[in-house]
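Trainee: I should like to go through the terms used for this model and the grounds on which each is applied.
Mentor: Please proceed, and let us set each term against its criterion.

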Amino acid sequence: LYLVRNNKLIIIKGNRFSVGKASIDENQNFDEHKVKLQKGDVVYIFSDGYADQFGGQFGKKYKFRRFKHLLLTIHKLSPKKQKEFLDDNLKSWKGELEQVDDILIIGIKI
């Protein structure tokens, strides 16, 4: 989860095992995170698909460093404008390359 507050990015890391818990010990539990949200906060949850997309001049991955910067750049836009920006940016990045994974981004403005 990425939280943008006062133009700064706060990262809340999740557990590194699948939601289905198929390959872990049944007694292992997910960590619970509680975040006190403030007016103006923007919360993003997402899959790794955007960051894992190949493209650009050299056919490299987009990566999370670039994704973080992108969200900091667009977080003040309306939801519709953010979606358009994300879509256009992804199309530009991947060019003629195939989409390699599912892409899910959910943004919530408080």
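Trainee: Which elements each supply at least two residues of the lining of the second largest pocket?
Mentor: This is a predicted model. In it, β3, α2 (79-94) and β6 (105-109) each supply at least two residues of that lining. The largest share, 6 residues, comes from α2.

Trainee: What volume does the second largest pocket have, and which residues are closest to its centre?
Mentor: The second largest pocket holds about 340 Å³ of space. It is lined by 18 residues, and Pro79, Gln82, Lys83, Leu86 and Ile105 are the closest to its centre. By class, the lining divides into 12 nonpolar, 3 polar and 3 charged residues.

Trainee: What makes a residue part of the lining of a pocket?
Mentor: A lining residue has an atom within 4 Å of a point of the pocket. For the largest pocket, 20 residues form the lining, and Lys13, Gly14, Asn15, Arg16 and Phe46 lie nearest its centre. The elements that give two or more residues to this lining are β3 and α1 (64-74). The largest pocket contains about 840 Å³ of space, and its lining has 10 nonpolar, 5 polar and 5 charged residues.

Trainee: Why is serine 78 called partly exposed?
Mentor: Buried means under 20% relative accessible area and exposed means over 50%, with partly exposed in between. Serine 78 has a relative accessibility of 35%, so it counts as partly exposed. Serine 78 lies in the loop between α1 and α2. Its C-alpha atom is separated by 9.4 Å from that of lysine 109, although the two residues are 31 apart along the chain.

Trainee: Why is leucine 37 also called partly exposed?
Mentor: The relative accessible area of leucine 37 is 39%, which falls between the two cut-offs and therefore makes this residue partly exposed. Leucine 37 is found in the loop between β2 (8-11) and β3 (42-46).

Trainee: What makes leucine 37 eligible for a nonpolar patch on the surface?
Mentor: A patch residue needs over 30% relative accessible area and no salt bridge. The value of 39% for leucine 37 meets the area criterion. Leu37 forms the patch together with Leu1, Val35, Ile45, Leu104, Ile106, Ile108 and Ile110, with about 610 Å² of accessible area together.

Trainee: How many helices and strands does the protein have, and in what order do they run?
Mentor: The secondary structure comes to 2 helices and 6 strands. From the N terminus on, the order is β-β-β-β-β-α-α-β.

How values were computed:
Residues numbered from 1 in each chain as written. Predicted model: local features only at pLDDT ≥ 70, side-chain atom pairs only at ≥ 80, totals over all residues. Heavy atoms only, no water. Patch = residues over 30% accessible without salt bridge, like charges linked within 9 Å, V, L, I, M, F, W, Y side chains within 5 Å. Areas by Shrake-Rupley, 256 points an atom, 1.4 Å probe, with all protein chains shown as cover. Salt bridge = Lys/Arg side-chain N within 4 Å of Asp/Glu carboxyl O. Helix = DSSP H or I, 4+ residues; strand = E, 2+ residues; numbered from the N terminus. Buried < 20%, exposed > 50% of the residue type's maximum accessible area, 1.4 Å probe, protein only. 1 Å grid on protein atoms, 1.4 Å probe; cavity = no way out; pocket = protein on both sides within 12 Å on 5 of 7 lines; lining within 4 Å. Points joined across faces, edges and corners; volume = space filled by probe spheres on them. Nonpolar A, V, L, I, M, F, W, Y, C, P; charged D, E, K, R; others polar.
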